[in-house]
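Q: Please take a close look at one helix of this model, then go through the unusual backbone geometry elsewhere in the chain.

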Amino acid sequence: MLQLRDSNGPAAVIRRADYSAPAFWIDSVHLTFDLDPAKTRVLNKMTLRRNPDVSVQPLRLDGEALNLARVLVNGQGASFKLDGGKLVLENLPLEGTFELEIFTTCEPLKNTSLSGLYVSNDSFFTQCEAEGFRRITYFLDRPDVMANYTVTLRADQQKYPVLLSNGNLMDSGALGGVGNEGRHFATWVDPHKKPCYLFALVAGQLVCREQRITSRAGKEHLLQVYVRPGDMDKTEHAMHSLMASVVWDEARFGLALDLERFMIVATSDFNMGAMENKGLNIFNTKYVLANQATATDADFSNIESVVGHEYFHNWTGNRITCRDWCQLSLKEGLTVFRDQEFSMDLCADASARAVKRIEDVRVLRTAQFPEDAGPMAHPVRPDSYIEINNFYTVTIYEKGAEVVRMMQTLATEGASDPSGRAGFAKGITLYFARHDGHAVTCDDFAQSIADANPDSALARLLPQFKRWYSQAGTPRLRARGSYDAAAQTYTLNLRQSCAATPGQEAKEPFVIPVSLGLVGSSGADLPLQLQDGSTSSHGSHLLVMTQADESITFVNVAEEPVPSILRGFSAPVLLDFDYSDAQLLTLLAFDPDPFNRWEAGQRLALRSAIQLIASDALLTGATPLNDAYIEAMRSVLRHPALDAAFKELVLTLPSETYIAEQLEVVDPQRIHAVREAMRAQLASALAADWQWAFEAHAPNGAYRPDTVSSGRRALTGLALTQLCLAARDSGDPSTGSGQAGLWPGKAYQRFKDADNMTDRFNALNALVNSGHALATPALAQFHTLFKNEELVLDKWFALQAGSCDRGGQVLPAVRQLLKHPDFNLRNPNRARSVIFSYCSANPGAFHRADAAGYVFWSERVLELDRINPQVAARLARALDRWKKLAEPYRSSARQAIERVADKPELSNDVREVVSRALAD
Ligand SMILES: [Zn+2]
C-alpha cells in the first residue's frame with residue numbers, strides 16, 4: 001500500500017489554446033465499490049486503446065487523495081510511477097485494446113470538500129463535476145473521454161439499504177461468502193456512454209416517490225425522487241416539476257427521455273444547487289423539498305426551474321458534452337436558457353412571462369454585470385483558468401444564456417417566425433443530428449444554429465456574433481434620438497463600446513440585437529416605417545447593430561415619440577439614453593413592452609438615488625423622491641389591470657448593489673442611507689395605498705404556488721414591510737397609537753396565523769427589517785416551530801444575517817449566530833445562510849468604517865478554506881469590487897484581501913480569486 005499526498009505543486013494555468021485530444025480512449029469501465037465510511041475500496045477495471053490520431057506517449061491518469069494498492073495491465077503486474085499526483089504508465093500495448101486494473105482506497109468520512117465520494121447524514125454521495133472523479137479512482141478525468149459504465153456497489157444492508165448508480169439496475173441481492181454477512185450488492189449498467197464527471201453513486205437510508213409516465217412515442221419510464229425518511233411529504237412538487245420537464249422538452253424541442261429510469265436524490269450537504277449525473281441527478285435538498293408549511297413561493301419556483309435545468313442537461317450536456325472545461329457554457333448557458341424558457345412556457349399568460357424575464361434580468365444585472373466589470377471578468381468561453389471550480393459563474397451561466405437567447409432572436413428568417421423560436425428549434429435538431437454522443441465546442445453549437453437557418457441574420461453575422469463568446473465585459477450602448485417635426489422623421493443614433501477587462505484592452509464591436517418601438521403621447525406604439533421603405537409589421541422593430549456607430553431613421557412619425565429601446569432586454573448591455581423624467585413617466589405609464597415599463601420606473605428611482613448620493617441633500621432633510629415619482633408609483637400600485645407580481649417588481653427599488661454599479665466611487669454607507677430614505681418615503685407617502693394593496697390581495701382560498709397567487713403574496717409581503725416601516729417612522733409604534741401603529745401588531749398576527757411559509761416569512765421579515773420590538777419574540781417562536789427543519793432554519797439564519805443595519809448591530813449578531821448550536825460551518829447551506837447573507841448580500845452592514853466586516857470576512861475565508869475550498873472561494877469573491885470603494889473602505893478591504901493572500905497554505909481555488917483581486 002502506498003500513501004499518496006495531494007498534489008500540491010504550483011498552480012498550473014490551463015489554456016484553451018493548449019487543448020489536445022487524449023492519447024488514449026477508455027471504452028468501458030467496471031467499477032466495484034466496497035463502501036465503508038472510513039475506508040472505501042474501489043476496484044476499477046478499464047478497457048483502453050490508444051488514440052491513433054495522437055503520437056505514442058505514456059498514459060497519464062489523474063488522481064487525488066487516493067491510496068493506491070495495485071496496478072495490473074492485462075492481468076499482469078505493471079511498472080508505473082507517480083508524478084505530481086498522476087499515475088503514469090509506459091510501455092503499454094501499441095495496438096488493440098488492453099485491460100487496466102487499478103485498486104485504490106479513499107476516505108469518504110474525511111472528505112469535507114464534498115468533491116468525489118463523501119458521507120452526509122450517514123449516506124454516501126458523489127459529486128464529480130468538474131474534477132471530482134479523480135478523487136474516486138485514477139482516470140482520464142476530462143470531459144472528452146466518454147465510456148460505458150458498469151458499477152457494482154457493495155455495502156452493509158441495514159445501514160445502506162438503497163444502492164444507486166447511473167443507468168439501469170441489472171442485478172441485486174445478498175452477498176455470499178465469509179466476511180459478507182449482512183452485506184448486499186447492486187449492479188447498475190448505464191446504456192449511454194458518458195464522461196466521468198457524470199458518474200454518480202448514492203447509498204443510504206432513503207425512501208422514494210415514484211411515478212410512471214408514458215412518452216409521446218409510447219415508451220414507459222419510471223421517475224423517482226429519493227429523500228430521507230420523514231421528507232416524503234415534501235416531494236410532490238419536485239415530482240410534478242420533473243414530469244412537466246419531461247413533457248416540455250419533448251414538445252418544444254423533440255427531445256424525449258432516453259432512459260427507462262430517471263432518479264433524483266436529495267442531500268443536505270452539497271456545494272452547488274444540483275448535478276445532472278446521467279439518470280441519477282443529485283440535488284441540494286433546497287431544490288427538492290417543499291410543502292406549503294416549509295417552503296416559500298420562491299422555493300417552489302426555484303425547484304421547478306432547477307429540476308427542469310438538470311433534466312434538460314440529459315440532452316444538452318450529457319448526450320452532447322463539452323470538449324474541455326473552457327467550453328462549460330456550451331452546456332450551462334444553453335441549459336439555463338432552456339430552463340428559463342421552460343419556466344416562461346409554464347406561465348399562465350404574457351404578463352407572468354414578463355415577470356419571469358424581469359426577474360432573470362435582475363439577477364444578470366446585479367450579479368453578472370459586476371462580475372464582468374471586476375477582477376474575475378472572463379469571456380463566456382474563458383481562454384484560461386487555474387481552478388475550473390472558480391468558473392461556475394454567472395457569466396458562464398446567465399450571460400451564456402443571454403448569448404443563446406440572442407441566437408434565437410437572430411435565427412429568425414422573417415415574418416413567419418418573428419421570435420426566431422422555430423428557427424432556433426431547427427438549429428437544436430441539427431445540433432443533435434451532427435454531434436449526438438460527442439464532446440464538442442461552443443463553435444460547433446453556434447455553427448449548427450446558423451446552418452439550420454441559412455437566411456437568418458445569425459448565419460450572415462456568425463463570425464462577428466461569436467465575439468460574445470470571446471470578449472469579456474458588458475457592452476455599453478449609448479443612444480441619442482432626434483425628432484424632425486417638419487420632415488416627420490425620428491432618428492436614433494447608437495454607439496457601442498466596451499470597457500477593458502483583465503487581459504483584453506481593446507474590444508471589437510459586438511452584434512447587438514436591439515428591439516425598439518416608438519411610444520406616442522397616447523401611450524400606444526406608433527406605426528414604424530423605415531426610411532428605406534420597409535415597414536415593420538409589429539409594434540417593435542429589431543435593429544441588428546454590427547458597427548460601433550449606427551443610426552436608424554423612421555419616417556412619417558406624426559409626433560415626437562418616446563423611444564422604447566432594448567425591449568424585453570434584447571441584449572445583455574448597459575443602455576445609456578438621456579431620457580427626461582417626463583419621457584420615463586410616459587414609458588412607466590404606457591409602454592406596451594412590460595420589461596421597459598418596469599425599467600422606466602427603475603431608471604427614475606436610480607436617477608434620484610444617484611443625485612442624492614452625490615449631494616448632501618439628505619443631511620438637510622430633503623425628501624429623496626419627487627412628487628411625480630410618488631404619484632406614478634401610486635398609479636401602478638392602484639392600477640386595475642396590472643398583475644400583482646408586476647406591481648411588486650415596479651414598487652421594489654433597485655438594490656444597493658445595482659446602485660453601486662452605476663457609480664465610479666462607491667460609499668456603501670451612503671448608498672444604504674439613501675435607499676433606506678427612499679424606502680421610508682415610499683412607505684409613508686403611500687401608506688393608504690399599501691394598506692389598500694394589503695387588504696385587496698388578502699388570501700383567497702387554499703394555498704397554491706402558481707404565478708398569480710404567488711404574485712398576490714409577494715405584493716402583500718412588500719405592503720406589510722412598508723406599513724411596518726411607516727409605523728416606525730410615525731411616532732412611537734410601541735404604544736400602538738394611531739392607524740399606522742397597528743401594523744406591526746397585524747404583521748405579528750399574520751406571522752402567527754399564516755397557513756403557508758411565504759406569508760409567515762414575509763410577516764417575520766417585515767418585523768425584523770423595520771426593527772420592531774416584536775421581531776424578537778417572533779424570531780424565537782419561528783425557531784421553536786421549525787427547529788427540526790434544516791431548510792427553514794437556513795432562512796431563519798439568513799434573515800438575521802441579512803437584516804437592515806441600524807447602528808452596527810448586525811455584525812455582533814452574526815458572530816453570535818456562529819456560536820448557535822444549530823450553526824455548522826461544514827454544511828454549505830448553513831454556512832451560506834449566515835456568512836454569505838452577511839458578506840455578500842448585506843452591503844449596508846458588511847462595509848463598516850471600522851473594517852470589522854472585512855476582518856470577519858477574512859477569518860471566515862481562511863477557516864472555510866481548510867474545510868471546503870470551493871465554498872471558501874465563493875466567499876472570497878465578496879470583495880471583488882474593492883477597488884471601487886471610497887476610503888476608508890478601500891484601504892481596509894485591500895488589507896483584508898492581503899491578509900488572506902499572505903497565507904502560504906491557501907487552496908488553488910482561493911488563491912486564484914484573491915490574486916486576481918489584487919492584480920493591477
Ligand atoms: Zn447546469
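**A buried helix and some backbone exceptions**

A: In this predicted model, helix α16 spans residues 687-696, and its buried residues are D689, W690, Q691, A693 and F694. The cover over these buried residues of α16 includes the helices α12 (627-638), α13 (644-651), α15 (668-685), α17 (707-729) and α18 (743-753).

The backbone exceptions come next. Most peptide bonds are trans, and most residues other than glycine have a negative phi. Against the first of these tendencies, the peptide bond from E129 to A130 is cis, with omega near -5 degrees. A130 sits in the loop that runs between β12 (123-127) and β13 (146-156). Another cis peptide bond links E887 to P888, where omega is about 5 degrees. P888 belongs to the loop between α26 (869-876) and α27 (889-901).

Against the second tendency, D122 is not a glycine, yet its phi is positive, at about 65 degrees. D122 lies in the loop between β11 (116-120) and β12. With a relative accessible area of 62%, D122 is exposed, because the cut-off for exposed is over 50%.

L566, also not a glycine, has a positive phi of about 65 degrees. Its loop is the one between β32 (562-565) and β33 (574-577). L566 has 3% relative accessibility and therefore counts as buried, the limit for buried being under 20%. Of these two residues with positive phi, then, D122 is exposed, whereas L566 is buried.

Key: Residues are numbered from 1 along each chain as its sequence is written. This is a predicted model: local features need pLDDT of at least 70, side-chain atom pairs count only at pLDDT 80 or more; totals for chains, interfaces and linings use all residues. Side-chain values use heavy atoms; hydrogens and water are left out. Buried means under 20% relative accessible area, exposed over 50%, partly exposed in between (1.4 Å probe, protein chains only). Helices (H or I, at least four residues) and strands (E, at least two) are DSSP runs, numbered from the N terminus. Contact means heavy atoms within 4.5 Å.
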